[in-house]
Amino acid sequence: MDKLVIEGGCRLKGEVTVSGSKNSALPILAATLLTEHTCIIKDVPNLRDTNTMFKILRSLGKNVEFDKGVVTITHARCTECVADYKLVSTMRASFCVLGPLVGKYKKAKVSLPGGCVIGVRPVDLHLKGLKALNIDITIESGYVVAKARILKGAHIYLGGEYGSSVLATDNVMMAAVLSQGKTVIESAACEPEVADLAEFLIKMGAKIKGHGTPTIEIEGVRHLHGAEHKVIPDRIEAGTLVIAGLITQGDIVIKNVLRRHLGALIDKLEESGASFGREDTLIRVHCKRRLKPINVTTLPYPGFATDMQAQMVSLMCVTKGISVITEKIYPDRFMHVAELNRMGAHIQREGPHAIVEGAAHLSGAPVMASDLRASASLVLAGLVAKGITSVSRIYHLERGYENLESKLQKLGAKIWREKE
Ligand code: EPZ
């Protein structure tokens, strides 16, 4: 197992290009189960999670080739329609093969995803939405068993206690495209990744309107054909790099970004005193001023992304004054707090709030990653800390960041990999 070692104190400089979006690529790859025709997906990042999805598609009978960001999924008919616990338990997003499998083959057996360190993550909304499409759902030995004679369109309210659900919207949308009649999903997730999935489905021949808004309308069709699609840039990777530029008081240009997808983050950072150019597809981070403390609350898109919360905590750790970061999507998503406090941060947890008193500086220390975004926050803290930080269990980072260490090295960071 590897760890990342970082010598802090370097100002990042130069240009970096963002990879394709993990959270867009995963459901789009699952959507190829809706057709037996060839699909070509471009700009797919080479990550642990995308490789897990390749394994799941192959286990379902698909031929999957991956070369330099291009995935070619050729003609194949699923036989068993079973997504095994061994694979699904390693990646929750695998659960989004359920909708396309039952939509296409009228049957599916998909393992329930296991527990998750970022919090309780039920799938009740997924099952509620699929049942509304006339699908018979039972839970047997840890598996969701779905069967349907005919899928019928329906009017579905998909809002939950924490608002809309990204993957539940994806699962229901992918089942509804081959259903009889019209489906309306209310309180649908508006994330750009949901809209990107809908764009791909439309290229396959689906009839969808309102994607990217809380009300999605789907007119069922009989068949879907193959399609070619380029996934959107990864807005969370872009946001992480923006904070890397600010926390090191560097001067960097981030390319292959859709600025409109980072609206809430940029708004909060501007409130803190940072300023960014106006370009739509690149972001220049060059802030000489001291930042001010701010309060942030995570919300479903277009609100502030929960996947940027940990990185924002790192930035506020070195911003003089008191900031309050409130986590409304996963109230327990604070595994990074104890590790940052080991580096000399002053963070107090109070329920869904992290109260951060900005420190003059952080000091390097051995720390442990617990999940994808927490590991990114520790790398960011290591970039600004005095001395050496070593981040262990970086397999968490490799789930969602493509070559982060070489991208940071290219910007002048002193970061390298060592065996544990
Ligand atoms: C997606 O997960 C992302 N994953 C997550 O990113 C992200 O944190 C999350 O959306 C929220 O933005 C992918 O896209 C692969 P949700 P998802 O269903 O769809 C509750 C990362 O770091 N809920 O939108 O699983 C749930 O517990 C990952 O890249 C129910 O109550 O999240 C949470 O509180 C981590 N019942 C809230 O809704 C349900 O059936 C939002 O979760 C489903 C969800």
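# Helix packing, hollows and two backbone oddities

Q: Why are α6 and α7 called roughly parallel in this predicted model?
A: Angles under 35 degrees count as roughly parallel. Helix α6 (residues 166-176) and helix α7 (residues 192-203) pack at about 15°, so α6 and α7 are roughly parallel to each other. Their axes lie 10 Å apart.

Q: Which residues make the contact between α6 and α7?
A: On the α6 side you'll find Val166, Thr169, Asp170, Met173 and Met174, and on the α7 side Val194, Leu197, Ala198 and Leu201. Sorted by class, that contact has seven nonpolar residues, one polar and one charged. As for handedness, α6 passes α7 in a right-handed crossing.

Q: What makes α5 and α6 roughly parallel?
A: Again the cut-off is under 35 degrees. Helix α5 (residues 124-132) packs on α6 at about 20°, with the axes 8 Å apart, and therefore the two count as roughly parallel. The crossing of α5 past α6 is right-handed.

Q: How do you know which residues of α5 and α6 are in contact?
A: Contact means heavy atoms within 4.5 Å. In α5, the contact is made by Leu125, His126, Gly129 and Leu130. In α6, Leu167, Ala168, Asn171, Val172 and Ala175 make it. By class there are six nonpolar and three polar residues, and no charged ones.

Q: Why are α1 and α7 called roughly parallel?
A: Helix α1 (residues 22-31) meets α7 at an angle of about 30°, axes 9 Å apart. Roughly parallel covers angles under 35 degrees, so α1 and α7 get that label. Here too the crossing, α1 past α7, is right-handed. The α1 residues in this contact are Asn23, Ser24, Pro27, Ile28 and Ala31, and α7 brings Glu193, Asp196, Leu197, Phe200 and Leu201. The classes come to six nonpolar, two polar and two charged.

Q: What makes a hollow in this protein a cavity, and how many of 30 Å³ or more does a search find?
A: In a cavity a 1.4 Å probe fits but cannot get out. Searching the whole structure turns up one of 30 Å³ or more. The volume of the largest cavity is about 30 Å³.

Q: Which residues line the largest cavity?
A: The lining is made of Ser21, Asn23, Glu193, Asp234, Arg235, Ile236 and Arg373. Split by class, that's four charged, two polar and one nonpolar.

Q: What is known about the second largest pocket?
A: Its volume is about 510 Å³. The lining has 23 residues, and the closest to the pocket centre are Ile247, Gln249, Arg290, Val318 and Val384. Helices α8 (235-247) and α12 (372-384) each supply at least two residues of that lining. The class tally for the lining is 12 nonpolar, six polar and five charged.

Q: Why is the peptide bond from tyrosine 301 to proline 302 worth pointing out?
A: Most peptide bonds are trans. The bond from tyrosine 301 to proline 302 is cis, with omega near 10°. Want to find it on screen? Proline 302 sits in the loop between β17 (296-297) and α10 (309-317).

Q: What makes the phi of lysine 68 stand out?
A: Most residues other than glycine have a negative phi. Lysine 68 isn't a glycine, yet has a positive phi of about 50°. Look for lysine 68 in the loop between β4 (63-67) and β5 (70-74).

Methods:
Residues are numbered from 1 along each chain as its sequence is written. This is a predicted model: local features need pLDDT of at least 70, side-chain atom pairs count only at pLDDT 80 or more; totals for chains, interfaces and linings use all residues. Side-chain values use heavy atoms; hydrogens and water are left out. On a 1 Å grid over the protein atoms alone, a cavity is a set of points where a 1.4 Å probe fits but cannot get out, and a pocket is an open set with protein on both sides within 12 Å along at least five of seven lines; lining residues have an atom within 4 Å of a point. Grid points are joined across faces, edges and corners, and a volume is the space filled by probe spheres set on the points. Helices (H or I, at least four residues) and strands (E, at least two) are DSSP runs, numbered from the N terminus. Ala, Val, Leu, Ile, Met, Phe, Trp, Tyr, Cys and Pro count as nonpolar, Asp, Glu, Lys and Arg as charged, and the others, Gly among them, as polar. Axes are lines fitted to C-alpha atoms, for helices over the stretch in contact, and angles run from 0 to 180 degrees between N-to-C directions. Angles under 35 degrees count as roughly parallel, over 145 as roughly antiparallel, 65 to 115 as roughly perpendicular and the rest as oblique. A crossing is left-handed if the near helix is turned anticlockwise from the far one by less than a right angle, and right-handed if clockwise.
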